[in-house]
Amino acid sequence: MVQTPPQSARLAHAGGAQGQDMRLPGTRYQEHGWEHVRKLLGRCSLAVFPGLPMEALLDEGRRQDALDDYLDAMAVQLRAPRHLAQAAMPGNSYGDTAGELACALLFELRVQPACWDSLCMAVTAEHARHGAFWRTEAGGAMLRKKANDMYAVLRDKADADACQAATGHPCSANRMYTYRMLDMAYADIARVFANWRHCEAQVADILDRAPGGMLIEARQMQSIADCRAEWVIRWSASLERHTGKAGPLHTRSKRFASLKNQPEAIAAMLQEIGGYEALSSNMDALGAARRDEGEAALWLEDYWRVLAESEAAEAAGTSDPEELLEAPEPDLLDCLLAPPDGGLPHDDGDEDDGEADAVDAAVTEDAPEDDVSHSPSLIDREEPGAAGPVAAILAGVSLPVRLAVYHALLGPRDDSYPDAWIDSATGELPALRHLADLDGISMPTLRKRRNEAMARLRHVAASGAFGKGRM
C-alpha cells in the first residue's frame with residue numbers, strides 16, 4: 001500500500017528548485033527535508049571518525065569490522081543531546097523527522113554494503129596521494145565530504161528499491177537521480193515563465209519562438225505533468241547562454257547525454273511524477289477528512305461516556321444536584337433556523353425615539369442619492385413562508401429592518417435568501433444605507449430598530465420558547 005503525506009506538508013511546485021518536494025511511490029528521501037538529514041549525518045560522521053581505527057578502512061579484510069564500529073558510534077551520536085534539535089526537524093511530508101530518516105538510512109548500509117566499500121576505496125585513494133590525511137587540519141572536512149557523497153548515493157538506492165517495490169516497475173539509483181533532475185528542470189522553467197517579463201530571451205529559447213506577449217503556457221502549466229519534453233531540452237540548452245553554466249542535458253557528463261535525444265522518455269518520466277502528484281493530492285484531502293472523522297468519533301465516545309456515567313449516578317441516587325450544569329441558552333442562529341412553530345406571541349410595538357427621528361430627518365435631508373439597483377420586488381414585499389417563529393416575532397417590523405437583522409446574523413450572502421431580497425448588482429442583501437433608504441429612515445434609526453429586533457429574538461430564545469415544537 002502506497003502511503004501519501006498529509007495535506008499540510010505538500011509544497012507548491014512553481015516556487016523554484018530550492019523549495020522542491022518531489023515525491024514518488026515509496027520514496028522518503030527526495031523531498032527538501034533531505035538537507036536536514038544530510039547535515040545531521042555529516043555532523044555525526046565528523047564526530048565519529050576521529051574515534052575509529054581509520055587504518056581499518058584501508059584493509060579490505062577489516063572493513064566489515066570498521067562498519068560495525070561506525071554504525072554503533074553513529075547510533076549513539078544521532079541520539080546525542082546536541083543533535084536533538086537537528087534530529088527533530090521535518091524530514092519529509094510523510095511525518096518522518098530528520099533523525100528517524102537518518103537512522104533508517106544509516107542502517108541501510110547493512111543492506112547496501114557497496115556504498116560503504118566505495119567510501120573505503122575513496123579513503124584509500126586519498127591516503128595513497130596524501131598519506132594519513134585524516135590527521136591533518138582539513139582531514140575532518142575531507143572525511144565529512146566523502147561521507148556525504150556516500151549517503152547521497154545510498155538515499156537514491158534506498159528510494160529506488162522502495163519505488164520498485166511499491167510500483168512493480170524497474171527503478172535504479174540513476175533513474176531516481178534523473179527524476180530529481182527533471183523535477184528541478186520543471187521548477188526552473190516554471191520560475192522563468194512566471195517572470196517572463198524579465199526573462200523574455202530565455203522564454204523565447206525555451207518555446208522556440210520570438211519573444212513578446214503574455215505567455216499562455218504560464219497559465220496552462222499547472223503541474224509537472226503539463227511540462228513538455230521539448231521545453232526541458234531547450235531549457236537545458238539555454239542555460240549556458242543565460243547563466244554561463246551548461247544545462248544538465250548538455251554537459252560533458254554521460255549521465256544525461258543520451259536523454260536529450262529521447263523526448264519520449266522525458267515526457268514519460270514527467271507524467272510519472274505528475275501522476276503521483278495528482279494522486280497524492282487527492283489522498284491529502286481524504287486524509288484530512290479521515291482525521292476529522294476520528295476527532296468526531298472521539299468526541300462522541302466522550303459524550304456517550306459522560307451520559308452513561310450521569311445515568312448510572314442518577315439510578316444509584318448518588319448524583320449531586322449542585323453538580324448539574326444549567327442548559328446553555330439557545331444560539332441566536334438556532335432561533336433563525338428553528339422550524340415553524342405558529343403559536344409564539346410577538347410585540348407589535350414599534351415606537352420611534354424622538355431624538356432618533358430628529359437625526360433621521362437631518363441625515364435624510366443631507367444624504368446624497370445613491371444610484372443603486374434594488375430588486376423591484378423588494379419594496380413592500382414580505383418574505384415567503386413568513387409563518388416561522390422568527391417571522392412571528394418580527395411581524396411588526398418592516399422588511400428592511402428584518403433584512404438588517406439577517407444581514408447582522410447571517411451575513412450579506414446566504415443560500416437561504418430568496419431572490420426578491422437580493423440586490424441584482426451585487427448578488428447580496430442591500431447594504432444598510434440602502435435598506436435605510438428603502439424604509440425612509442436614517443442609518444441611526446435603522447440600527448436602533450435592528451438592535452431592538454435582535455434583542456427581542458434573544459429574549460424569546462432565553463425564555464426557551466424556540467424549543468417548543470422541535471423534535
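1. Let me start with the salt-bridge network that joins Glu126, Arg129 and Lys146. This is a predicted model, and a search through the whole of it turns up 15 salt bridges. In the Glu126–Lys146 pair, nitrogen and oxygen are 3.5 Å apart. That pair ties together distant parts of the chain, with Glu126 in helix α7 (residues 113-130) and Lys146 in helix α8 (residues 139-167), 20 residues apart. Both Glu126 and Lys146 are buried, which you may want to keep in view when you look at this network of Glu126, Arg129 and Lys146.

2. Two other salt bridges sit within single helices. Asp188 pairs with Arg191, their closest N and O atoms being 2.9 Å apart. Both residues belong to helix α9, 3 residues apart, about one turn of the helix. Asp188 has a relative accessible area of 13% and is therefore buried, whereas Arg191, with 33%, is partly exposed. The other bridge is between Glu452 and Lys448, at 2.8 Å from N to O. These two are 4 residues apart in helix α19 (residues 443-462), so about one helical turn separates them. Glu452 is partly exposed at 33% relative accessibility, and Lys448 is partly exposed at 26%.

3. For the overall picture, the protein has 19 helices and 0 strands. Of its 471 residues, 39% are buried. Among contacts with a separation of 6 or more, 69% are between residues 24 or more positions apart. The protein exposes about 26000 Å², and carbon and sulfur atoms supply 53% of that area.

4. Which residues does Leu71 touch beyond its sequence neighbours? Leaving out residues up to four places away, they are Leu106, Phe107, Leu109 and Arg110. Leu71 itself is in helix α3 (residues 63-78), and it counts as buried because its relative accessibility is 1%, below the 20% cut-off. Its C-alpha is 7.3 Å from that of Phe107, although the two residues are 36 apart in sequence.

5. Thr27 lies in the segment before α1 (34-48). Its relative accessible area is 2%, so Thr27 is buried. A polar atom of the Thr27 side chain is 2.7 Å from the backbone oxygen of Leu24. Not counting residues up to four places away in sequence, Thr27 touches Tyr94, Asp159, Cys163 and Met176.

6. Asn92 is a nice one to zoom in on. It occupies the loop between α4 (84-87) and α5 (98-106), yet Asn92 is buried, with a relative accessible area of 9%. Its side chain has a polar atom 3.0 Å from the backbone nitrogen of Tyr94, and the Asn92 side chain also reaches the backbone nitrogen of Gly95 at 3.4 Å. Apart from neighbours within four places, Asn92 is in contact with Arg28, Glu31 and Leu101.

7. Why is there no disulfide between Cys163 and Cys171? Their sulfurs are 4.4 Å apart, too far for a bond because the cut-off is 2.5 Å. Cys171 holds the cysteine sulfur closest to that of Cys163. The structure as a whole holds 0 disulfides. Cys163 is buried at 7% relative accessibility, and Cys199 is buried too, with 16%.

8. Helix α10 and the residue after it make a good pair to view together. In α10, Gln202, Val203, Ala204, Ile206 and Leu207 are buried. The cover over the buried residues of α10 includes α9 (173-194), α11 and α12 (229-243). Asp208 follows α10 and has a positive phi, near 60°, in a residue other than glycine. Asp208 is in the loop between α10 (200-207) and α11 (216-220). Is Asp208 buried or exposed? Its relative accessibility is 56%, so Asp208 counts as exposed.

9. Finally, a look at the surface. Trp299, Leu300, Tyr303 and Trp304 form a nonpolar patch there, with about 490 Å² of accessible area together. One of these residues, Tyr303, lies in helix α13 (residues 263-316). Tyr303 counts as partly exposed, at 37% relative accessibility.

Definitions and conventions:
Residues are numbered from 1 along each chain as its sequence is written. This is a predicted model: local features need pLDDT of at least 70, side-chain atom pairs count only at pLDDT 80 or more; totals for chains, interfaces and linings use all residues. Side-chain values use heavy atoms; hydrogens and water are left out. Buried means under 20% relative accessible area, exposed over 50%, partly exposed in between (1.4 Å probe, protein chains only). Contact means heavy atoms within 4.5 Å. Accessible areas come from the Shrake-Rupley method with a 1.4 Å probe; for residues, only the protein chains shown count as cover. A polar contact is a pair of N or O atoms within 3.5 Å; within protein, one must be able to donate a hydrogen and the other to accept it, and residues adjacent in sequence count only if both atoms are side-chain atoms. Patches are made of residues with over 30% relative accessible area and no salt bridge: like charges are joined within 9 Å, nonpolar side chains (Val, Leu, Ile, Met, Phe, Trp, Tyr) within 5 Å. A salt bridge is a side-chain nitrogen of Lys or Arg within 4 Å of a carboxyl oxygen of Asp or Glu.
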